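Morning, everyone. I have one structure to walk through today. Please have a look at it on the screen.

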Amino acid sequence: MLKFVNKLFGSASSRHIKSYSKIVENISYFERNLKLLSDAELKNKTIEFKEKVANGSSLDEILPEAFAVVREASIRTTSLRHFDVQLIGGIVLHKGMIAEMKTGEGKTLVATLSAYLNSLNGKPVHIITVNDYLAERDSKWMGEIYKFLGLTVGCINSNKDHEKRIQEYSCDIVY
């Protein structure tokens with residue numbers, strides 16, 4: 001019976017992915033226009049988004065343009081461009097769901113999308129890694145994207161003293 005229902009209506013996952021594919025189309029629309037912006041104009045998008053959120057816009061409303069901004073900033077800073085499937089992964093993370101990805105599929109890059117978006121409300125975003133090495137590596141590597149967009153990046157590891165931890169925890173993005 002379950003197979004029949006899934007065949008008729010699709011699984012919950014396939015319905016989510018279908019709806020997220022429409023968001024990816026919107027992201028691509030914004031991306032075309034963002035390529036024409038100067039670095040300063042692209043950086044100013046963070047201020048624009050923060051003002052929109054402060055004035056009542058939801059994160060979901062600004063998601064397509066914000067993800068496009070991160071995608072373009074990533075190209076300019078790391079030479080990495082988020083694939084469409086990675087954009088879907090970012091949407092899944094933003095929605096508070098689990099995105100299962102294999103080694104080498106770009107989890108580190110995917111996290112930049114939802115981390116940036118969720119930092120726009122002024123609350124720090126914490127990205128958890130499995131060890132100090134990855135926290136340090138990712139905060140430096142992906143930190144280039146965040147810093148380009150005007151955010152601060154911190155890294156907590158076992159070697160940090162109490163005073164340094166307090167300073168790191170005050171950043172927009174904390175690994």
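I'll go from the overall fold to the core, then to one serine and the cysteines.

First, a caution: this is a predicted model.

Start with the fold. The protein chain has nine helices and three strands. Along the sequence, the order is α-α-α-α-α-α-β-α-α-β-α-β. How compact is the protein chain? Its radius of gyration is 17 Å, and the globule rule gives 16 Å for 175 residues, so the chain is as compact as a globular protein of that length. The C-alpha trace spans about 60 × 40 × 35 Å along its principal axes.

Now contacts and surface. Take the contacts with a separation of 6 or more: 63% of them join residues 24 or more positions apart. Of the 175 residues, 41% are buried. The chain exposes about 10200 Å², and carbon and sulfur atoms supply 56% of that.

On to the interior. The largest nonpolar core has 40 residues. Which of them touch the most other members? Tyr 116, Leu 120, Tyr 146 and Leu 149 do. Helices α2, α3, α4, α5, α6 and α8 each supply at least two residues of this core. Helix α4 gives the most, with nine residues.

Look at Tyr 116 more closely. Helix α6 covers residues 107–119, so that is where to find this tyrosine on the screen. Leaving out residues up to four places away in sequence, Tyr 116 touches Lys 45, Thr 46 and Phe 49, among others. Its contacts also include Ala 66, Val 69 and Val 70. Further along the chain, Tyr 146, Leu 149, Leu 151 and Ile 173 are on the list too.

Back to α4, residues 59–78, for a polar residue. Ser 74 sits in this helix. Is Ser 74 buried or exposed? Buried: its relative accessible area is 0%. What does Ser 74 touch, beyond residues up to four places away in sequence? Ser 79, Leu 80, His 82, Leu 109 and Ile 145.

Last, the cysteines. How many disulfides does the structure hold? Zero. Take Cys 155. Its closest cysteine sulfur is in Cys 171, 10.0 Å away, and that is too far for a bond. A disulfide needs the two sulfurs within 2.5 Å. Both cysteines are inside: Cys 155 is buried at 4% relative accessible area, and Cys 171 is buried at 12%.

That's the tour. Over to you for questions.

Notes. Residues are numbered from 1 along each chain as its sequence is written. This is a predicted model: local features need pLDDT of at least 70, side-chain atom pairs count only at pLDDT 80 or more; totals for chains, interfaces and linings use all residues. Side-chain values use heavy atoms; hydrogens and water are left out. Helices (H or I, at least four residues) and strands (E, at least two) are DSSP runs, numbered from the N terminus. Buried means under 20% relative accessible area, exposed over 50%, partly exposed in between (1.4 Å probe, protein chains only). Contact means heavy atoms within 4.5 Å. A nonpolar core is a set of buried Ala, Val, Leu, Ile, Met, Phe, Trp, Tyr and Cys residues joined through side-chain atoms within 4.5 Å. The radius of gyration is taken over C-alpha atoms; the globule rule is 2.2 Å times the number of residues to the power 0.38. Accessible areas come from the Shrake-Rupley method with a 1.4 Å probe; for residues, only the protein chains shown count as cover.
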